[in-house]
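Student: Got a minute to go through this one with me? I'd like to start with how the helices pack.

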Amino acid sequence: MAKIKSLTDQASIVVPPPPSRFTLNEWHLNNCFRYRCCIAQQELADSLLSESQRVCELTAETAKSNKEETDHRLKEKLEDIDFRKKELLRIRKEVLLEVDALSIYKERIMDALSSVKRNALIISEKCLVAREHRLGIDLVHDQVEVELLKECDVIKGAEILLTRILEQTQEQIRRLKATLYYMDHDLEDKENNLRIDKHNLTLKETSLNLSLYHGTARLDPSVITLNEWEMQTNKNIIAASKEMNSARPMRVYIDTMIKQTIDDLNSQKNATDEAFRKRIEETKEVKTKLEVQHSEIMRQASEMTRNITQIEKSIAEKEAYMALAHTRLGNRCQRPGLELTKDLVETFLVKEVYDLREIVKELQQKLFELQASLRYLLKTQIQLEEDINIKTNTLKIDEVDFGNTYFMERLPAAFLLVGMLAITMDVCELSALQSLRSV
């Protein structure tokens, strides 16, 4: 059984058929076919080699030409960016000069405003308050007070004008600085663009760290056209030029307004000074006349006092004579009998008594009149002294206390304003250039 099974297994083995047999003619045909195929492939390979060589040379020339064109375009772009950058820098320098000039003018306005507030107005108001300390009849609404009140109005008007000019100047400086901000932003973008394109210009096909983009986004993400790019820079330059054209006339306007303010203040100051001068001269003249009258009153009062003393002495003498006459009459009344006669002695004694009475009465009347006149003179003297003291107080206020203070403190304020006008644009530009150098 084992032997039968092995035979069966051997019978199941597949035996390959014998290889085909070819004829000699088929062998020659096959060799010819192989030879022709080799020649065809060689010719195709030679054609492909020649074509690939031509394509390589052509693509190399195209790539080189494209790179040269790109480099040329980059150089043109760099020159364009550099030109626009220089224009922006030029106009930026002018804007900086204008900002510095307006800043100096702003300081001038602030100094003028401070001088008006702290000097002119305070001094004028101080004068008005001080003149309220005049006494009696001298407390009048005179021309000096009128001019001082007018001067306060002029000063307040100048303060309002300078404040408005200061606000306009600050607004113009703000607009210039806003223009500078946009120009600086544009310059920063152009500087970055220059840096990038200069770096691109230095790159070559053999440079390291080159990379191929395999993303799906657009290779050209730019959405701004060249015209829009040019218009943006032109817009900044035009805006800066427009603001400078607005700022330059403003400096002339500021000079004109400050000069007009100084002229108004000086004109009103001169009017007030003239009113002070006339009032002081008038007060001095009245005071001098009063002093002369006071001296005359004192002389007359002294003479009146001496006269009163003399009359009183004369009355006393007359009363002594009257006492003598009365005594004689009394003594003669004691005559006895017929001796008590009305003789000439008695007649003359009686007449003497009556005469002395009239004389004493007249002297007493004159004494009363002299005493009344003396009282009136003394009262007038006191009134004159009061008036002289009032005039002295007025002169002390107008001439001594506030004459020097008014003129010496107020004039420096005016000279300070005038000195501000001496600042020229050259000084402004010099300061601006120094600030630019420091930057």
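Student: How do α2 and α3 run, roughly parallel or roughly antiparallel to each other?

Tutor: Roughly antiparallel, a label for angles over 145 degrees, with under 35 counting as roughly parallel, 65 to 115 as roughly perpendicular and the rest as oblique. The axes of α2 (residues 24-131) and α3 (residues 143-202) cross at roughly 165 degrees and come within 6 Å. Axes here are lines fitted to C-alpha atoms, for helices over the stretch in contact, with angles running from 0 to 180 degrees between N-to-C directions. Bear in mind that this is a predicted model, where local features need pLDDT of at least 70, side-chain atom pairs count only at pLDDT 80 or more, and totals for chains, interfaces and linings use all residues. Residues are numbered from 1 along each chain as its sequence is written, and side-chain values use heavy atoms, leaving out hydrogens and water.

Student: And what sort of residues make up the contact of α2 with α3?

Tutor: The split is 34 nonpolar, eight polar and 23 charged. Ala, Val, Leu, Ile, Met, Phe, Trp, Tyr, Cys and Pro go down as nonpolar, Asp, Glu, Lys and Arg as charged, and the others, Gly among them, as polar.

Student: Zooming out, how many helices and strands are there in the protein?

Tutor: Six helices and zero strands. Both are DSSP runs numbered from the N terminus: H or I of at least four residues for helices, E of at least two for strands.

Student: Back to α3. Where does T169 sit, buried or exposed?

Tutor: T169 is in helix α3 and is buried, at 0% relative accessible area. Buried means under 20%, exposed over 50%, and partly exposed in between, using a 1.4 Å probe and protein chains only.

Student: Which residues is T169 in contact with, leaving aside neighbours within four places in sequence?

Tutor: L102, K106, I109, M250 and I254, where contact means heavy atoms within 4.5 Å.

Student: What about T380, which helix is that in?

Tutor: T380 belongs to α5 (residues 344-420). T380 also counts as buried, with a relative accessible area of 16%. Its C-alpha is 8.4 Å from that of H294, 86 residues away along the chain.

Student: New topic: how many disulfides?

Tutor: Zero, taking a disulfide as a pair of cysteine sulfur atoms within 2.5 Å. For C127, the nearest cysteine sulfur is that of C152, 8.9 Å away.

Student: And C127 versus C333: which is buried, and which is exposed?

Tutor: C127 is buried at 1% relative accessible area, while C333 is exposed at 53%.
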